[in-house]
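I opened my notebook for a friendly look through this one. Here is what I looked up, in the order I went.

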There are 2 protein chains.
Amino acid sequence: MSDLSKTAAAMDARDPLAAKRDLFHLPEGLIYLDGNSLGLMPKAAADRIASVTRGEWAEGLIRSWSKAGWFTLPMTAGDRIAPLIGAATGQVSVGDSTSVNIFKCLAAALQLRPERKVILAEGDNFPTDSYIAQGLAALVPDIELRYFEKGDNPAAHIDDDTAVLLLSHVDYRSARVRDMAAITADAHEKGTAVLWDLSHTTGAVACDLLGADADFAVGCGYKYLNGGPGAPAFAWVNPRHVSAMRQPLSGWMGHAAPFDFTRGYTPAEGARKLVCGTPQVISLSALDEALKLWADVDLAALWAKSRAMTGFFIEAVEELCAGQPITLASPREETQRGSHVSFDLEMGGFEVMQALAASGVIGDFRAPSTLRFGFAPLYLSFVEVLKAAEYLSAILSTREWDDDRFRIRGAVT
Amino acid sequence: MSDLSKTAAAMDARDPLAAKRDLFHLPEGLIYLDGNSLGLMPKAAADRIASVTRGEWAEGLIRSWSKAGWFTLPMTAGDRIAPLIGAATGQVSVGDSTSVNIFKCLAAALQLRPERKVILAEGDNFPTDSYIAQGLAALVPDIELRYFEKGDNPAAHIDDDTAVLLLSHVDYRSARVRDMAAITADAHEKGTAVLWDLSHTTGAVACDLLGADADFAVGCGYKYLNGGPGAPAFAWVNPRHVSAMRQPLSGWMGHAAPFDFTRGYTPAEGARKLVCGTPQVISLSALDEALKLWADVDLAALWAKSRAMTGFFIEAVEELCAGQPITLASPREETQRGSHVSFDLEMGGFEVMQALAASGVIGDFRAPSTLRFGFAPLYLSFVEVLKAAEYLSAILSTREWDDDRFRIRGAVT
């Protein structure tokens, strides 16, 4: 048994979350390192979906809006997310997509500071964040979108006209973690609100929105939260803003009394005003069920496992692939690293990812040269992590070049 | 056998859509006259949801975005809706809620006519339409929202500053149908675009968007389309606008090349640019499956059945409830009537609806005094319609008043 194998076995033996693995459907023969794109299916989610479909919908029909709690589901699900992001009960609303929620929160931040006209955004953020900011800036005259570049200190770009700073807590490519408390404090000192995108954070990386006194946050339901494909997203607003804030997607389900059918919009109290139209109940129920798995999770243990797992993968890849043209593209320092690990490969990254998939290891390729591996601490084992590194090493060692064309010899694929 | 019974039996015997009924799950003992709020579950939808969950999600995982066609589903589902609304392939996109789609289309209409600043809306429209218009007007300086009142001719309120007219094709209370072709032509003569809300139209009432040369339309997936609770909505844009139009909810899934991860938003071609964030795949798949039931439906027969059914219900109620203080609140003329029927009751409407529900007839009560019954022509029978009228008559005949308190005698409830 190699040292790496011994380490993996030992880490698994003392993993306090090991029992959670059985709660997920694990496709046979698959090592799934893409839970940061779409999480595994919790077994209970399939049962819940069946019961919502064949029971609540088919039998209960319209009566289920009250009897089955469909109406309150956006806030019920939000309450399950709150502890994972350092928020409190009643502060998180679930529904729509991350993109739509970014729009709501950016617009709300601008309305809170009407004298300021600039959205300051990370140029290399996940594209939908930029696209939504562009859409808002094109819609509302005088609103300007400015970018800061990778490596810049965002606060250095804030001026007296900056209403809101939009950025991701964990970078979707490199997994670099931003210092939420420090950046928020710097922004507040200059009178600027901060909207955090927690898509690559929630369910894997430590996060304390209230501790940092952040202003707004959004995040994704289908990554580490395992809510299913395109699961609804969430939005959070700091309670110090909630009364004053208004968001423009003021649909009837965020109304104080939607069934009064009044002509004028009166927002609901609290974060419920972030709800817009009728929620997509089946998808929302799947997420709600998946969120129940977090109720008894020791979050400190979860964050620690994420750091240990990504660290172990880096160690294993660097040892097993020594001499190969592969370079770590994520922070080596664990406190600065989210729950995925990226490596740059000089050439043939796409083919390597395909060969890995053929071996049963699913990760992501991000052009031009990045291999990205996500580590969902709730269900992965260290033995799987080591196996993935071993497969990667085997594939890299059988690469060959032929007239600038990259190939992998027959053995592995 | 009464004349009404004979008529019902005869109508059912020659119903060209009768075979469709078996494709739905019909809760035992229920006469469901609320398919205009939430349609019955198509049996195939339950199977599709199970296969998406336990197959595409649990086993296929991230690979299903391409292999299972998740990425193209917003347009695939849209193509199934197109024939029902008089639109063509590639023109309809499915996703988000009706509310969110109203926002996209209103903003797009305003951007197409930047020199005009007024949204003209129906004051008594379904509230979310007004709420969303209010949200947009509060967000964008100089945009003004004006209302016209019930009974007004909308065109009479259009002036040189009116960018877009927002109204429902079928009124959610009375079922009154607006003349889409005439109103659209009047609006166009004054340089105003029209956004039609087809929520109470689609799947029950004749509609020809291209024939009327309408500009934009939105509609609901969970009513007559039977897509499940909170099913995603749809949006349509006239092809003569589609290149020039831009909508502000410019999320990555409406980008021309979402996986290029470029910083700048380049909209996809055609109606795909109406897509915003990641679609809620489970709910969307349920709708997609429900939409397959329409492929071989003779739409002329469907519209005719809707008119015959609502007409028969009016006839039966007026005959069986003669002498009771109940008044038709929907158009008597069938070409002006959508697929639901409302009656006003002087007092006790809520209690009557509850007593009906206890008898197995599900309809809606709309304060202060309206009993609303929806007739989904795809699955209801005329015998059921008559039974509902008979129960209503029985309940009304056992009403009594006691010191201004309305009661129903024991027998029926």
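What should the 15 residues of helix α5 (residues 98-112) of chain B span at 1.5 Å a residue? I noted first that this is a predicted model. The expected span is 21 Å, and I found the end C-alpha atoms of α5(B) 21 Å apart, which agrees. I then checked its surroundings: 13 of the 15 residues of α5(B) are buried, so I wrote it down as mostly covered.

Next, the contact between the chains. I counted 65 residues from chain A and 65 residues from chain B. On the side of chain A that touches chain B, α2 (43-60), α5 (98-112), α6 (127-139) and α10 (281-291) each supply at least two residues. The largest share, 10 residues, comes from α6(A). By class, I listed 37 nonpolar, 22 polar and six charged residues on that side of chain A.

Then I overlaid the copies. A turn of 180° with a shift of 0.0 Å along the axis lays chain A on chain B with an RMSD of 0.0 Å. That is the relation of a two-fold axis. I also saw that 100% of the contact residues of chain A recur in chain B, the same surface serving both copies.

Last, a sheet in chain B. I traced four strands in an open, antiparallel sheet, in the order β9-β10-β13-β12. β9 (326-328) and β12 (364-366) of chain B each have a single partner strand, so one side of each lacks a neighbour in the sheet. I read an average twist of 30° from one strand to the next. Helix α11 (residues 299-320) of chain B packs on this sheet, touching β9, β10 and β13 of chain B.

Definitions and conventions: Residues are numbered from 1 along each chain as its sequence is written. Chains are lettered from A and ligands numbered from 1 in the order in which they are written. This is a predicted model: local features need pLDDT of at least 70, side-chain atom pairs count only at pLDDT 80 or more; totals for chains, interfaces and linings use all residues. The expected span of a helix is 1.5 Å times one less than its number of residues. A residue is buried if 20 or more other C-beta atoms lie within 10 Å of its own, exposed if 12 or fewer, and partly exposed in between; C-beta atoms are placed from the backbone. Two residues are in contact if their C-beta atoms, placed from the backbone, lie within 7 Å. Ala, Val, Leu, Ile, Met, Phe, Trp, Tyr, Cys and Pro count as nonpolar, Asp, Glu, Lys and Arg as charged, and the others, Gly among them, as polar. Copies are superposed by least squares on the C-alpha atoms of residues with pLDDT of at least 70 in both. Two strands pair if DSSP finds at least two bridges between them. Axes are lines fitted to C-alpha atoms, for helices over the stretch in contact, and angles run from 0 to 180 degrees between N-to-C directions.
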